[in-house]
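Visitor: I keep hearing labels for parts of a protein, and I'd like to know where they come from. Could you walk me through this one?

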Amino acid sequence: MTYPKILNFFLILMMLFICLNLTREHWQNFFNYELGKENFYTKFSKNLDREILRINESELLNRDFKKQEIPLEQREKSRWVFLKLLVKPMELIQNFSKNQNKLPAEKISLYLYSFYIGIFFFINFIIIHRILLLFDNDTKKFQSTDITFQKQKSIIFVFFAYLLLIMYINLGHFRGGEDNYSVAESLLLTAGIFFIIQFDLYKNRAYFFLYIILSMLAPLVRESGIFLSGFYLVYYYFKYNKINFKLIAIPFIAIIPYVIANYDIFKFFLEDGF
């Protein structure tokens with residue numbers, strides 16, 4: 001095994017450890033300052049219980065539209081599909097932690113949740129690295145100079161750029177990453193971008209269908225996910241200097257599951273307006 005391959009493996013392994021431990025470090029960094037009171041493991045476990053209860057009893061899962069509330073704020077009710085999926089891993093983590101008797105439940109709960117969120121962060125890192133390599137494979141279209149990212153160098157660039165980003169979000173910012181929406185949405189966006197670049201380079205239709213599927217799922221996580229469905233249109237324009245009008249249909253296709261899932265909410269606007 002050559003030195004560059006050893007370096008690549010070491011950086012990937014290091015990023016995996018950082019991602020898996022990131023949420024635990026965030027809680028230790030911001031919630032471990034009250035000496036003599038609850039430690040950050042206990043605080044996290046209670047917070048996760050509250051979060052599970054909040055989602056299960058949330059008004060966001062209530063399909064009644066309240067006129068007295070600000071309509072813009074009620075847009076979050078359209079995220080009910082994702083919320084129902086989101087709460088399941090939380091419940092599994094808490095149930096497993098409380099049912100085992102080998103280690104303190106609070107500690108197991110935080111470590112498992114940190115691993116769970118860390119997997120999303122790590123997959124994002126791998127996909128971003130792969131996207132950079134895809135751009136390198138298409139150098140003539142995207143590079144205006146003779147400088148290209150070699151495979152051995154790209155992992156170094158992505159490692160430090162991504163490390164700075166997640167450290168700022170989770171360790172330098174008090175609230176940390178918004179796990180509920182941002183992590184899942186960013187994974188869908190990066191994976192969708194990766195698939196469509198793969199399709200454009202190698203013309204494998206499987207990648208295009210995967211892109212369509214992710215484009216249909218992204219708005220169910222958060223409304224801004226609809227931008228993924230327009231990425232190929234923009235990408236195609238900048239690469240080929242022309243508009244492919246067929247691609248305009250993708251956002252309309254992508255929005256179908258979102259509209260079907262929230263027809264009862266949209267019906268209010270159609271009948272009563274804003």
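**Where the labels come from**

Guide: Sure, let's start with Val234, which has a relative accessible area of 43%. Keep in mind that this is a predicted model.

Visitor: Why is Val234 called partly exposed?

Guide: Buried means under 20% and exposed means over 50%. Val234 comes out at 43%, so that value lies in between and the label is partly exposed. Val234 is found in helix H9.

Visitor: What makes Val234 part of a nonpolar surface patch?

Guide: A patch residue needs over 30% relative accessible area, and nonpolar side chains are joined within 5 Å. With 43%, Val234 clears that area cut-off. Its partners in the patch are Tyr237, Phe238, Ile243, Phe245, Ile248 and Phe252, and together they make about 770 Å². H9 supplies the largest share, 3 residues.

Visitor: And how do you know that Ser114 is buried?

Guide: Its relative accessible area is 1%. The cut-off for buried is under 20%, so Ser114 gets that label. Ser114 is found in helix H4.

Visitor: Which residues does Ser114 touch, leaving out those up to four places away in sequence?

Guide: Cys19, Leu20, Asn21, Leu22, Thr23 and Arg24. The side chain of Ser114 also reaches the backbone oxygen of Leu20 at 2.6 Å. A polar contact needs N or O atoms within 3.5 Å, and 2.6 Å fits that distance.

Visitor: What makes Asp49 and Lys98 a salt bridge?

Guide: Their closest N and O atoms are 3.2 Å apart. The rule asks for a Lys or Arg side-chain nitrogen within 4 Å of an Asp or Glu carboxyl oxygen, so this pair passes. Asp49 sits in helix H2 and Lys98 in helix H3, 49 residues apart, and the pair links distant parts of the chain. Asp49 is partly exposed at 30%, and Lys98 is partly exposed at 49%.

Visitor: How many salt bridges does that rule give?

Guide: The count comes to 7. One of them joins Glu185 and Arg222 at 2.7 Å, N to O. Glu185 belongs to helix H7, while Arg222 lies in the loop between H8 and H9. Both Glu185 and Arg222 are buried.

Another salt bridge pairs Asp200 with Lys239, with the closest N and O atoms 2.5 Å apart. Here helix H7 holds Asp200 and helix H9 holds Lys239. Both Asp200 and Lys239 are buried.

Visitor: Why are Asp200, Lys203 and Lys239 called one network?

Guide: They are joined by salt bridges that share partners.

Visitor: What makes a set of residues a nonpolar core?

Guide: The members must be buried nonpolar residues joined through side-chain atoms within 4.5 Å. The largest core here has 58 residues, and Met15, Phe121, Phe125, Ile166, Tyr211 and Tyr232 touch the most other members. Helices giving two or more residues to this core include H1, H2, H3 and H4. H7 gives the most, with 11 residues. As a general point, nonpolar side chains in soluble globular proteins tend to be buried together.

Visitor: What does the whole protein come to in helices and strands?

Guide: The tally is 12 helices and 0 strands. Of its 274 residues, 42% count as buried. The protein exposes about 16200 Å², and carbon and sulfur atoms supply 65% of that area.

Conventions
Residues are numbered from 1 along each chain as its sequence is written. This is a predicted model: local features need pLDDT of at least 70, side-chain atom pairs count only at pLDDT 80 or more; totals for chains, interfaces and linings use all residues. Side-chain values use heavy atoms; hydrogens and water are left out. Buried means under 20% relative accessible area, exposed over 50%, partly exposed in between (1.4 Å probe, protein chains only). Helices (H or I, at least four residues) and strands (E, at least two) are DSSP runs, numbered from the N terminus. Patches are made of residues with over 30% relative accessible area and no salt bridge: like charges are joined within 9 Å, nonpolar side chains (Val, Leu, Ile, Met, Phe, Trp, Tyr) within 5 Å. Accessible areas come from the Shrake-Rupley method with a 1.4 Å probe; for residues, only the protein chains shown count as cover. A polar contact is a pair of N or O atoms within 3.5 Å; within protein, one must be able to donate a hydrogen and the other to accept it, and residues adjacent in sequence count only if both atoms are side-chain atoms. Contact means heavy atoms within 4.5 Å.
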